[in-house]
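Colleague: Could you walk me through reading a few packing features? I would like the general idea first and then the case at hand.

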Amino acid sequence: MAHIIVVGNEKGGAGKSTVSMHVASALARLGYKVNTLDLDLRQRSLGRYFENRAAFMKSSGLHLPSPTNHDLPEIDAASLKPGENVFDHRLSAAVSRLEADSDFILIDCPGSHTRLSQVAHSLADTLVTPLNDSFVDFDLLARIDASGEKILGPSVYSEMVWNARQLRAQAGLKPIDWVIVRNRVGTQRMVNKEKMERAIEMLASRIGFRIAPGFSERVIFRELFPRGLTLLDLKDIGVKQLNISNIAARQELRDMMKALKLPGVEIDF
């Protein structure tokens, strides 16, 4: 049975699609059959990433190891029973079709609270939540006092994950492995950075998630998107000498993939 990875965070700009593309492409490069779903039906950042990748491979004549992205199937509303939600059926139908032909299914959620996102979280074997190193972003996970030292209680996104965990428990499924990926962490020791670190560690033990390193703020990610490329594709497209920033970003990807601890995955890039 396919292992389902859900990349979710209800706040936009946290780097969900960048993380999704790199995780899915890294797994494909390692030889796994990876299928992806983009649940942001309006913005479609991950879907656009794959369209750009296909166009680049066609124009350059290159074949790059790639996941396969899929649109959600349409469901005839007339076939639904009273009270059933069409989005539930679109997502469950997509996952059912892909499970038999996938090692991993990666689902990229929108940066907002939607029915599709709720359902996707309940399907997650591994939940990856990219989080910018900011108390503005942290507020989505938990409320904190003015000093930034005391957690007052879980916030809306954590409550949604809790509900997803309850649904899985009721269905007899294994618990969600929730991983917070810390993006855009500053390189210098600053007061805000240290407070964020303490707050996340306190919250991790309180509501049950693991912490993984993420990506720093780098120009390379904005440059790769129009061609649908990832850090692992650079040598394939003829970049013979990686600069220091690119090498550091590649190491960040390696560290993140190792920290996710996906079943059976050996990181050798």
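Colleague: Let's start with a single residue: is D133 buried or exposed?

Modeller: Happy to. This is a predicted model, in which local features need pLDDT of at least 70, side-chain atom pairs count only at pLDDT 80 or more, and totals for chains, interfaces and linings use all residues. Residues are numbered from 1 along each chain as its sequence is written, and side-chain values use heavy atoms, with hydrogens and water left out. Buried means under 20% relative accessible area, exposed over 50%, and partly exposed in between (1.4 Å probe, protein chains only). D133 has a relative accessible area of 11%, so it is buried. D133 sits in the loop between β5 (126-132) and α5 (135-138); helices (H or I, at least four residues) and strands (E, at least two) are DSSP runs, numbered from the N terminus.

Colleague: What does the side chain of D133 make a polar contact with?

Modeller: A polar contact is a pair of N or O atoms within 3.5 Å; within protein, one must be able to donate a hydrogen and the other to accept it, and residues adjacent in sequence count only if both atoms are side-chain atoms. The partner of D133 is the side chain of R182, at 2.5 Å.

Colleague: And which residues are buried in helix α4?

Modeller: In α4 (residues 115-123) they are L116, S117, V119, A120, H121 and S122. Their cover includes β1 (3-7), α3 (86-99), β4 (104-108), β5 and α6 (156-170). H121 counts as buried because its relative accessibility is 1%. A polar atom of the H121 side chain lies 2.7 Å from the backbone oxygen of S117. Not counting residues up to four places away in sequence, H121 touches, among others, V6, C109, Y157 and I176, where contact means heavy atoms within 4.5 Å.

Colleague: How do I describe two packed helices?

Modeller: Two packed helices are described by the angle between their axes and the distance between the axes. Axes are lines fitted to C-alpha atoms, for helices over the stretch in contact, and angles run from 0 to 180 degrees between N-to-C directions. Here, α1 (residues 16-29) and α9 (residues 244-260) pack at about 80°, with axes 11 Å apart. That makes α1 roughly perpendicular to α9; angles under 35 degrees count as roughly parallel, over 145 as roughly antiparallel, 65 to 115 as roughly perpendicular and the rest as oblique.

Colleague: Which residues of α1 and α9 meet?

Modeller: V19, H22, V23, A26 and L27 in α1 meet L253, M256, M257 and L260 in α9.
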